[in-house]
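This report describes how the parts of one protein structure meet. Please look at the sequence and the structure before reading on.

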There are 2 protein chains.
Amino acid sequence: MMDFSWIETPTLLLDERICRRNIQRMAEKARKERIRLRPHFKTPQSLQVGQWFRDAGVHCATVSSLQMARYFADGGWSCLTVAFPVNLREIRSINELASRIRLGLTLEDAAVARRLGELLLHPVDIWVKIDIGNHRTGLRPNDTAAIRETVKAAEQHPLLQLKGFLSHAGQSYQARSQQEIAHVHEQSLSVVQALKQAFPGLQYSLGDTPTASVMSQFPSVDELRPGNFAFYDLMQWQTGACTIADIALALACPIVARHPERREVVLYGGAVHLSKDRLLLPDGSSYFGLPARRLEGKWELFPKGSYLSRLSQEHGILSCTPELFAELEIGSLVHILPVHSCLTANLMKGYRGLGGEYLDMMPATYPEAR
Amino acid sequence: MMDFSWIETPTLLLDERICRRNIQRMAEKARKERIRLRPHFKTPQSLQVGQWFRDAGVHCATVSSLQMARYFADGGWSCLTVAFPVNLREIRSINELASRIRLGLTLEDAAVARRLGELLLHPVDIWVKIDIGNHRTGLRPNDTAAIRETVKAAEQHPLLQLKGFLSHAGQSYQARSQQEIAHVHEQSLSVVQALKQAFPGLQYSLGDTPTASVMSQFPSVDELRPGNFAFYDLMQWQTGACTIADIALALACPIVARHPERREVVLYGGAVHLSKDRLLLPDGSSYFGLPARRLEGKWELFPKGSYLSRLSQEHGILSCTPELFAELEIGSLVHILPVHSCLTANLMKGYRGLGGEYLDMMPATYPEAR
């Protein structure tokens, strides 16, 4: 049994061994397939976890904001892509970063490309965003006119260095089996192949944890950008992308009240710790996490039927089976596996190792560009 | 028109005039009814907003964690109740705070009361939590045996100074009209009166924004602890507790992409800014915020039919009416009224005034007790 007596408040535990194993597995797959791995650091937001990627031979990364790019650039990362549509209101930050690292930006609009060209002071890599089925951002693959116009706009300015196309097949999060993930992947690959034929010389960057985890072949893909796989979570487990034993994070929550009449325990651990991201039970009701225990080097779910059924700001309500309820005492801890580790990590703003050691994370407000 | 050209990234705007008006109105109501107002500071988490409460004559407050109690104690607040079940793993923090301020704690278990008595080094005020219909925490009002046992345990130790009962009628958040709020309030008052008769000399503290906002009479109630009313939000608007003109917060989001084929604009503003708290449209689908514009000293919703339909980590997808879509350009700003201002403020970790001035907020990781 591990000793967690040092835990006083909700604490985000990160199992370094599991996390390094997840990183190692993905790095080996990419190496074998001769694809560049550019992991998305919006999940860990941590220089410490970044070091574990370096140890696995990874030296380029993806981020979701310029603030996050500054944090990693200040920590020694010199090759970062911001996988979010260029926001020209931040041109000062873009120029500051482009002056000191190899900065990649994402575009989906020819007019924005032209304006960016006028405002840039230093070269940046440019990726044209293609909507590969997620319908969040990007140009539709069959909108050849818009793609050609954006590519042309990016080619016309010397400080825009067009690298290729970039997509996020986020619809894979809706998959509920590896077969469904494979189906998403097939559709992605047909877009990748069509665009690489139409635009010879341009690269294609693809990124989402389910397909990157489950699939083994990525023909014509030049770069992979999954992020969540470093930690995994219940959402990924539900897609079939990981097992429970692959989940590297759990929120340790003190039990503060018991309600026998409704077989619920009240946890210190709520929406400001876990986030309100949720999954659905078979009956259509929501849950916000599942209780687990530490056992032989991993977290293991308690038998089916117990789940985090409600969250308010600081409280979590754990609905229990009779067996689990009997086991849980006020003052003891329950480990909750999060629905969405990216949002939980972002809220907690720091990790503790299993022995209590602090692991760094980007602060909530990172200093602005000088 | 206000000039928001200084905004580069998602920015949480706080309208001081609206916020002070909300505070003033509640303070006057409490004064008129001769009830102590002990506002819940888990919403603003800000010494600056705390000062606006002081200006309205409020000198005691409620918090949701010992960390938050330390932040406000360090900022000069000497009378704070932690409205969360006592977590004995934090006894060191409890003793440190109890040594320097008047600290109130919430209990719902006789065994915890006895153990707390053994571990305390300084006196604390004790509030026994009663479940007034929310079914989150607290003893059931008709469980007289458990209430008597907890009261007795709290009376037996000299460092536990029993003040009375405390409830949160959180079920009022499900109300969809002022009539429904009034119904919740009636039920609460009958519990208050029964317990005050059964335990003469004990006080009753009640707190939730909908009833505190809508009702005008609080017979037998000694203390009110609403929090959200300082800012309000769409959830409160939906209960009937406020108008749109009472909402003091909006997230200003840069527009980074437009998708005419589906009449959606992509905002820089996602789950890490707004939270995933949601409300339901008449068709049962979720929304995460509504777009508004600044007009004559308040925010005003755009005409019905536009709403924030999806959130990922940094992206928000705004589904638009044809009229609004035509108006929105890449690079301009949309102001989003949040579903739940407490969670949005907690994520943003800082406010800006309408002129851009910084307003303080508790940092994500506030130093531990010395």
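In this predicted model, strand β6 (residues 124–129) of chain A pairs with strand β7 (residues 160–167) of chain A in the parallel sense, over 6 bridges. Strands are DSSP runs of E with at least two residues, helices are runs of H or I with at least four residues, and both are numbered from the N terminus; two strands pair if DSSP finds at least two bridges between them. Within this pairing, W127(A) has G164(A) of β7(A) as its bridge partner. Both strands belong to an open sheet of 8 strands with parallel pairing, in the order β2-β9-β8-β7-β6-β5-β4-β3 (chain A). Its edge strands, β2 (36–37) and β3 (61–63) of chain A, each pair on one side only.

An automatic or database domain assignment divides chain A into domain 1 (16–229) and domain 2 (243–359). The C-alpha centres of these two domains of chain A lie 32 Å apart.

The table sets out two interfaces. Contact means heavy atoms within 4.5 Å. Buried area is the accessible area (1.4 Å probe) that two parts lose on being put together, summed over both. A salt bridge is a side-chain nitrogen of Lys or Arg within 4 Å of a carboxyl oxygen of Asp or Glu.

| Interface | Residues in contact | Buried area | Salt bridges |
|---|---|---|---|
| Domain 1 and domain 2 of chain A | 14 residues with 15 residues | about 1,100 Å² | 2 salt bridges |
| Chain A and chain B | 63 residues with 64 residues | about 4,800 Å² | 8 salt bridges |

Between the domains of chain A, R25(A) and D246(A) form a salt bridge through their side chains (3.3 Å, N to O). On the side of domain 1 of chain A that touches domain 2 of chain A, α1 (16–32) and α2 (47–55) of chain A each supply at least two residues. The largest share of that side, 6 residues, comes from α1(A).

Between the chains, R262(A) forms a salt bridge with D131(B), with the closest N and O atoms 3.7 Å apart. Elements of chain A that give two or more residues to the side touching chain B include β4 (79–85), α4 (91–98) and β10 (249–259).

Residues are numbered from 1 along each chain as its sequence is written, and chains are lettered from A and ligands numbered from 1 in the order in which they are written. Local features need pLDDT of at least 70, side-chain atom pairs count only at pLDDT 80 or more, and totals for chains, interfaces and linings use all residues, while side-chain values use heavy atoms, with hydrogens and water left out.
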